[in-house]
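Please look over the structure shown here before turning to the briefing that follows. The points are grouped by topic, from sheets to helices and then to internal spaces.

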Amino acid sequence: MAELENAIYEALSTVIDPEIRRPITDLDMVESVIIDPDSLVTVSLLLTVAGCPMQHAIQRDIVAAVSQVAGVNGVEVNIGAMNDEQRAALRRKLRPDEKEIPFTKPDSPTRVFLVASGKGGVGKSSVTLNLAIALAAKGKRVGLLDADIYGHSIPQMLGVSDSVPTTVDGMIMPVATRGISVISIGMMKNSPDQVIAWRGPILDRALQQFLADVYWGELDFLLIDLPPGTGDVALSLGHKLPNAEVIVVTTPQQAAADVAERAGTMAAMLEQKVIGVVENMSFFDTDCPHCGQSHRVELFGAGGGTTVAAALSARLEYEVPLLAEIPFTPIVAQAGDRGIPVVSLDASEPVSQSFAGLADRLVAR
């Protein structure tokens with residue numbers, strides 16, 4: 001019987017908590033395992049909080065894992081919840097250094113990308129979101145922080161507007177969806193129509209909470225969707241994350257390119273490195289009704305991304321490359337409105353392949 005019990009615990013060690021992304025056995029979530037004479041197994045599971053939104057996924061994974069153990073004839077899962085003392089112990093285990101931003105530590109394995117734009121309407125949030133999922137599709141552990149406090153759109157574009165982050169003894173768990181971990185002020189509002197009207201000091205405290213009080217776990221990449229322009233949020237994150245790198249998003253037209261340069265210059269003022277420019281809504285291909293050939297149509301002009309990259313390279317005195325030209329297609333907006341990012345909807349789409357190529361470039365750096 002002891003041999004069977006050991007095999008069951010080994011199987012349980014393969015069950016990963018979707019929010020914390022660690023085995024449930026490491027998190028002390030398995031209270032007991034009981035094996036009756038007929039080899040029917042009862043696993044008592046302690047959720048971090050009662051009514052945890054991930055409980056059905058964890059329960060399903062437990063049943064699937066334990067059912068594979070030779071000699072087990074059935075599996076039942078009894079669900080309970082941790083008490084205050086157990087939650088406090090879990091927090092100490094996950095975050096021994098409270099209130100510190102883990103990404104600023106010298107041994108942090110996480111690369112932090114601030115995605116910036118000089119103005120709104122260039123598709124910065126869409127680029128950030130689809131890039132995050134493209135990185136996750138390559139097996140990377142990815143977090144996404146929606147720092148556009150006033151204009152948060154990430155939850156709707158991901159289809160998680162109704163998701164509420166779980167809190168464990170004051171520690172916030174990001175919402176796990178489509179292979180990434182996400183947090184946004186939009187998930188914490190009392191109602192969808194609530195307006196966020198915070199001044200600088202409150203904004204700063206909220207950003208500190210997003211970085212220090214959220215349990216991000218061990219990430220390969222953290223992408224932060226900045227608000228457009230060069231305001232309080234960019235300044236605050238520049239000071240909190242001095243090791244972050246900046247990606248500037250623009251569109252082809254000259255007006256957008258001119259203001260995009262300011263976002264890159266702002267990063268340089270904060271001593272952050274601009275690693276490249278992404279030109280969004282760059283072009284689209286269409287079949288000509290006259291000659292039958294496919295033609296590239298530059299609906300919003302051409303050269304904005306190249307112009308920004310060249311200008312920043314000259315101003316910052318190091319090479320700032322044009323990382324990607326993302327095609328223009330209505331499917332991006334349609335997918336976002338449905339809460340299904342385009343890279344998740346159809347990986348064969350040219351726009352999805354562009355994001356995959358951008359992800360490859362960032363992974364290879």
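**The three-stranded sheet**

Strand β2 (residues 40-47) and β3 run parallel and are joined by eight bridges. The model is a predicted one, and the pairing just described belongs to an open sheet of three strands with the order β1-β2-β3 and mixed pairing. In this sheet β1 (30-35) and β3 (74-81) are the edge strands, each having a single partner strand, so one side of each is left without a neighbour in the sheet.

- Averaged over this sheet, and with direction ignored, neighbouring strands are turned by 15° against each other.
- Within the parallel pair of β2 and β3, joined by eight bridges, Ser-44 stands opposite Asn-78 in β3.
- Helix α1 (residues 2-12) packs on this sheet, where it touches β1 and β2, and the direction of α1 makes about 140° with that of β1.
- The mixed character of the sheet shows in the other pairing, since β1 and β2 are matched in the antiparallel sense over five bridges.
- Val-30 has Leu-45 as its bridge partner in β2.
- Four residues lie between the strands in the hairpin of β1 and β2, and in this hairpin Ser-39 takes a positive phi near 60°.

**The eight-stranded sheet**

- An open sheet is formed by eight strands in the order β8-β9-β5-β10-β4-β11-β12-β15, and its pairing is mixed.
- The edges of this sheet are held by β8 (175-177) and β15 (322-325), each of which pairs on one side only.
- From one strand to the next, the twist of the eight-stranded sheet averages 25°.
- Four bridges connect β4 and strand β11 (residues 245-250), which pair in the parallel sense, and Phe-113 has Glu-245 as its bridge partner in β11.
- Helix α8 packs on this sheet, touching β4, β11 and β12 (273-279), and the direction of α8 makes about 170° with that of β11.

**The contact between α8 and α9**

- Helix α8 (residues 254-269) and helix α9 (residues 304-316) have axes that come within 9 Å and cross at roughly 35°, and the crossing in which α8 passes α9 is right-handed.
- On the α8 side the contact is made by Gln-254, Ala-257, Ala-260, Glu-261, Gly-264, Thr-265 and Ala-268, while α9 contributes Gly-304, Thr-307, Val-308, Ala-311, Leu-312, Arg-315 and Leu-316.
- Sorted by class, the residues of this contact between α8 and α9 are seven nonpolar, five polar and two charged.

**Cavities**

- Two cavities of 30 Å³ or more are held by the structure, and the largest cavity has a volume of about 80 Å³.
- The largest cavity is lined by 12 residues, of which Leu-226, Ala-234, Ala-263, Met-266 and Ala-267 are the closest to its centre.
- Two elements, β4 (111-116) and α8, give two or more residues to the lining of the largest cavity, and α8 gives the most, with three residues.
- Helix α8 therefore appears in three settings: packed on the eight-stranded sheet, in contact with α9, and in the lining of the largest cavity.- The lining of the largest cavity divides into nine nonpolar residues, three polar residues and no charged residues.
- The second largest cavity has a volume of about 50 Å³, and the residues that line this cavity are Ser-126, Leu-129, Asn-130, Met-157, Val-332, Ala-335, Gly-336, Ile-340, Pro-341 and Val-342.
- At least two residues of the lining of the second largest cavity are supplied by each of α4 (124-137) and α10 (330-337).
- By class, the lining of the second largest cavity has seven nonpolar, three polar and no charged residues.

**The largest pocket**

- The largest pocket contains about 490 Å³ of space, and among the 21 residues that line this pocket, Leu-94, Pro-102, Tyr-215, Gly-217 and Glu-218 are the closest to its centre.
- The lining of the largest pocket is made up of nine nonpolar, three polar and nine charged residues, whereas the lining of the largest cavity has no charged residues.

Note on methods:
Residues numbered from 1 in each chain as written. Predicted model: local features only at pLDDT ≥ 70, side-chain atom pairs only at ≥ 80, totals over all residues. Heavy atoms only, no water. 1 Å grid on protein atoms, 1.4 Å probe; cavity = no way out; pocket = protein on both sides within 12 Å on 5 of 7 lines; lining within 4 Å. Points joined across faces, edges and corners; volume = space filled by probe spheres on them. Nonpolar A, V, L, I, M, F, W, Y, C, P; charged D, E, K, R; others polar. Axes fitted to C-alpha atoms, helices over the stretch in contact; angles between N-to-C directions. Left-handed = near helix turned anticlockwise from the far one by under 90°. Contact = heavy atoms within 4.5 Å. Pairing = 2+ DSSP bridges.
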